[in-house]
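Grab a coffee and open the viewer. The questions below walk through the fold, its core, its aromatic rings and a few surface spots.

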Amino acid sequence: MNWLLKSLLGPGIWAATFSAAYALHGVGCAYGWSAVSMPPGSLHHAAMLAVWLAGLLACLALLRALPAGGGLQHRLPRAGAWIGLAATGFTLFPLFIATTC
């Protein structure tokens with residue numbers, strides 16, 4: 001049963017990253033973070049970029065920590081980690097090419 005829970009870690013990281021990024025989106029719009037200049041564009045973009053990168057790094061760390069091998073008990077958790085990595089990269093990328101508020 002432990003391998004089944006490990007299989008959900010990747011999508012769980014994506015869900016946490018998605019929630020945090022969109023929470024920061026709302027907070028940043030409410031407090032005017034888009035008007036504060038920083039190297040990646042604005043404080044708003046920098047905060048969301050930090051959350052996005054943390055999610056990607058968490059998925060990569062999960063992939064590194066999971067054992068490789070045959071059998072469903074090894075392949076399914078790795079597949080979940082890959083799904084989490086792809087979902088985090090794909091669904092949160094538009095935050096940085098679109099306007100924030």
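Contact here means heavy atoms within 4.5 Å. This is a predicted model, where local features need pLDDT of at least 70 and side-chain atom pairs count only at pLDDT 80 or more, while totals for chains, interfaces and linings use all residues. Residues are numbered from 1 along each chain as its sequence is written, and side-chain values use heavy atoms, with hydrogens and water left out.

Q: Which residues does Leu62 touch, not counting residues up to four places away in sequence?
A: Start with the core: the largest nonpolar one has 14 residues, and Leu62 is among those with the most contacts inside it. A nonpolar core is a set of buried Ala, Val, Leu, Ile, Met, Phe, Trp, Tyr and Cys residues joined through side-chain atoms within 4.5 Å; buried means under 20% relative accessible area, exposed over 50%, and partly exposed in between (1.4 Å probe, protein chains only). Skip neighbours up to four places away in sequence, and Leu62 touches Leu9, Gly10, Ile13 and Ala81.

Q: In what pattern do the helices and strands follow along the sequence?
A: Helices (H or I, at least four residues) and strands (E, at least two) are DSSP runs, numbered from the N terminus. The protein has four helices and two strands. Read along the sequence, they give α-α-β-β-α-α.

Q: Which helix supplies the largest share of the largest nonpolar core?
A: That core has 14 residues, with Ala21, Ala81, Leu85, Leu92 and Leu95 among those with the most contacts inside it. At least two residues come from each of α2, α3 and α4. The largest share is seven residues, and the helix supplying them is α3.

Q: What percentage of the protein's residues count as buried?
A: The C-alpha trace spans about 50 × 20 × 15 Å along its principal axes. Accessible areas come from the Shrake-Rupley method with a 1.4 Å probe, and for residues only the protein chains shown count as cover. The accessible surface comes to about 5,900 Å², of which 74% belongs to carbon and sulfur atoms. Of the 101 residues, the buried ones make up 30%.

Q: Why is the pair of Phe18 and Tyr22 described as stacked, tilted or edge-to-face, and which is it?
A: Rings of Phe, Tyr and Trp (its six-membered ring) pair if their centres lie within 6.5 Å; planes under 30 degrees apart count as stacked, over 60 as edge-to-face and the rest as tilted. The structure holds three aromatic pairs. In this one, the ring centres are 4.8 Å apart and the planes are at 45°, so the pair is tilted.

Q: Which residues form an aromatic cluster?
A: Phe18 and Tyr22 sit four residues apart in helix α2 (residues 9-31), so about one helical turn separates them. Phe18 is partly exposed at 29% relative accessibility, and Tyr22 is partly exposed at 37%. The cluster is made of Trp14, Phe18 and Tyr22.

Q: How many residues apart in sequence are the parts that the pair of Trp52 and Phe93 ties together?
A: These ring centres are 6.2 Å apart with planes at 50°, so the pair is tilted. Trp52 is buried at 13% relative accessible area, whereas Phe93 is partly exposed at 41%. Trp52 lies in helix α3 (residues 43-65) and Phe93 in the segment after α4 (72-92), so the parts tied together are apart in sequence by 41 residues.

Q: What accessible area do Leu4, Leu72 and Leu76 have together?
A: Patches are made of residues with over 30% relative accessible area and no salt bridge (a side-chain nitrogen of Lys or Arg within 4 Å of a carboxyl oxygen of Asp or Glu). Like charges are joined within 9 Å, and nonpolar side chains (Val, Leu, Ile, Met, Phe, Trp, Tyr) within 5 Å. Leu76, in helix α4, is partly exposed at 32%. With Leu4 and Leu72, Leu76 forms a nonpolar surface patch whose accessible area together is about 230 Å².

Q: Which residues is His74 in contact with, leaving aside its neighbours within four places in sequence?
A: His74 is in helix α4 and counts as partly exposed at 32% relative accessibility. His74 and Ser7 are 67 residues apart in sequence and 9.2 Å apart in space, C-alpha to C-alpha. Leaving aside neighbours within four places in sequence, the contacts of His74 are Pro67 and Gly69.
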